[in-house]
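Please read the numbered points below with the sequence and the model open beside you. They are meant as a colleague's careful notes, written for someone who is new to reading structures.

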Amino acid sequence: MKPLSFLTRRAALPLVAALALAGCGSFGNKPAAGDIHVMTSGGFTAAYNELRPEFERSSGRTVKTAYGASMGNAQDSIPSRLARNEPVDVVILARPALDDLVAKGKVVAGSQVDLVRSAIGFAVRKGAPKPDISTVDALKRTLIAAPSIAYSASASGTYYETELLKKLGIEDQVKPKSKRILSERVGTVVARGDAALGLQQVSELLPVAGIDYIGPLPAEVQQNTVFSAGIATASKQPDAARQLIRYLNSPAAAPTIAKTGLEPLTAR
């Protein structure tokens, strides 16, 4: 996967235009001062990591990033980071969790912008047989047969442990051999052989070395999560935060986002 700085000149032109329109370009101007602090959850991380360098180059700003789950009380989750008053201008996480932060006064009401839609998928250790999850019945058989299953402590894992297994009618059989993973990617756990099967957002599985992606959940039981950005009420750079969000939501950013297994919800 090539970083944006290596895109062809033709492909890069719309991105430059989008940055200028977003008000974050520094073409021929003095670079803007002040770091931007971002907290982002795993679902958007791969796309964000590719897009960030171009924003920094064009805006003249440095973006400092903290990573964590959208929800939960792990030490590095976004809610935990905010509770410790870590510096933050932009938060990017699952929309329900973002709206909860608005209700708690941590994010500016009305600043929320939907960036992407993310599906849930499964992976196995690289080279292992790929079980069938193409239908609901096949998925049930695969989960029952799996010796161990890892799932995330964020949006996809919450759906798995509170809704999916109940929908499938196999909670009693499968939940005892399922492990909730804190502060680590599910794919990493699967890659080292600590779980036979892993479930997480597709965009979080694809970048992990040492695993084979099987595919998404069947449509009948799939849950698509919208990941959104908002401006923290504690932001010291609200204008710069707004510029970064506009850039991440620009049409020129959409191809990079799509490459990471996400559906861009691009501003029109």
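1. Phe 55 and Tyr 247 are both buried, and in this predicted model being buried means having under 20% relative accessible area. Two aromatic pairs are counted here. Phe 55 and Tyr 247 make up a stacked pair, with ring centres 5.5 Å apart and an angle of 25° between the planes. The partners come from distant parts of the chain, since Phe 55 sits in helix H2 (residues 45–59) and Tyr 247 in helix H10 (residues 238–248), at a separation of 192 residues.

2. Another aromatic pair is formed by Tyr 151 and Tyr 160, and this pair is tilted, with 4.8 Å from centre to centre and 40° between the planes. Why is the pair described as tilted? The angle of 40° is neither under 30 degrees, which would make the pair stacked, nor over 60, which would make it edge-to-face, and therefore the pair counts as tilted. Tyr 151 and Tyr 160 are both buried.

3. The next point concerns a sheet. Five strands make up an open sheet in the order S7-S6-S8-S5-S9, and the pairing in this sheet is mixed. Strand S7 (178–181) and strand S9 (211–216) are its edge strands, each of them pairing on one side only. On average, and with direction ignored, neighbouring strands of this sheet are turned by 30° against each other.

4. Within that sheet, strand S6 (residues 149–152) runs parallel to S7, and the two are joined by four bridges. Tyr 151, already met in the tilted pair, stands opposite Arg 180 in S7. Helix H6 (residues 155–168) packs on this sheet, where it touches strand S5 (120–125), S6, S7 and strand S8 (197–201), and the direction of H6 makes about 120° with that of S6.

5. A further open sheet is formed by six strands in the order S2-S1-S3-S10-S4-S11, again with mixed pairing. Which strands lie at the edges of this sheet? The edge strands are strand S2 (63–67) and strand S11 (263–264), each of which pairs on one side only. Strand S4 (residues 113–118) and strand S10 (residues 225–231) pair in the antiparallel sense over five bridges, and Val 116 has Phe 227 in S10 as its bridge partner. Helix H2 packs on this sheet and touches strand S1 (36–40), S2 and strand S3 (90–94), while its direction makes about 170° with that of S2.

6. The largest pocket holds about 330 Å³ of space. It is lined by 25 residues, of which Gly 42, Gly 68, Ala 69, Glu 184 and Glu 204 are the closest to the pocket's centre. H6 and S8 are the elements that give two or more residues to this lining.

7. Two backbone angles deserve a look. Most residues other than glycine have a negative phi. Asn 85, which is not a glycine, nevertheless has a positive phi of about 60°, and its place is in the loop between helix H3 (78–83) and S3. Is Asn 85 buried or exposed? Asn 85 counts as exposed because its relative accessibility is 63%.

8. Ser 183 likewise has a positive phi, near 55°, in a residue other than glycine. Ser 183 is placed in the loop between S7 and helix H8 (186–191). With a relative accessible area of 52%, Ser 183 is exposed, the cut-off for this word being over 50%.

Definitions and conventions:
Residues numbered from 1 in each chain as written. Predicted model: local features only at pLDDT ≥ 70, side-chain atom pairs only at ≥ 80, totals over all residues. Heavy atoms only, no water. Phe/Tyr/Trp six-rings, centres within 6.5 Å; stacked < 30°, edge-to-face > 60°. Buried < 20%, exposed > 50% of the residue type's maximum accessible area, 1.4 Å probe, protein only. Pairing = 2+ DSSP bridges. Axes fitted to C-alpha atoms, helices over the stretch in contact; angles between N-to-C directions. Contact = heavy atoms within 4.5 Å. 1 Å grid on protein atoms, 1.4 Å probe; cavity = no way out; pocket = protein on both sides within 12 Å on 5 of 7 lines; lining within 4 Å. Points joined across faces, edges and corners; volume = space filled by probe spheres on them.
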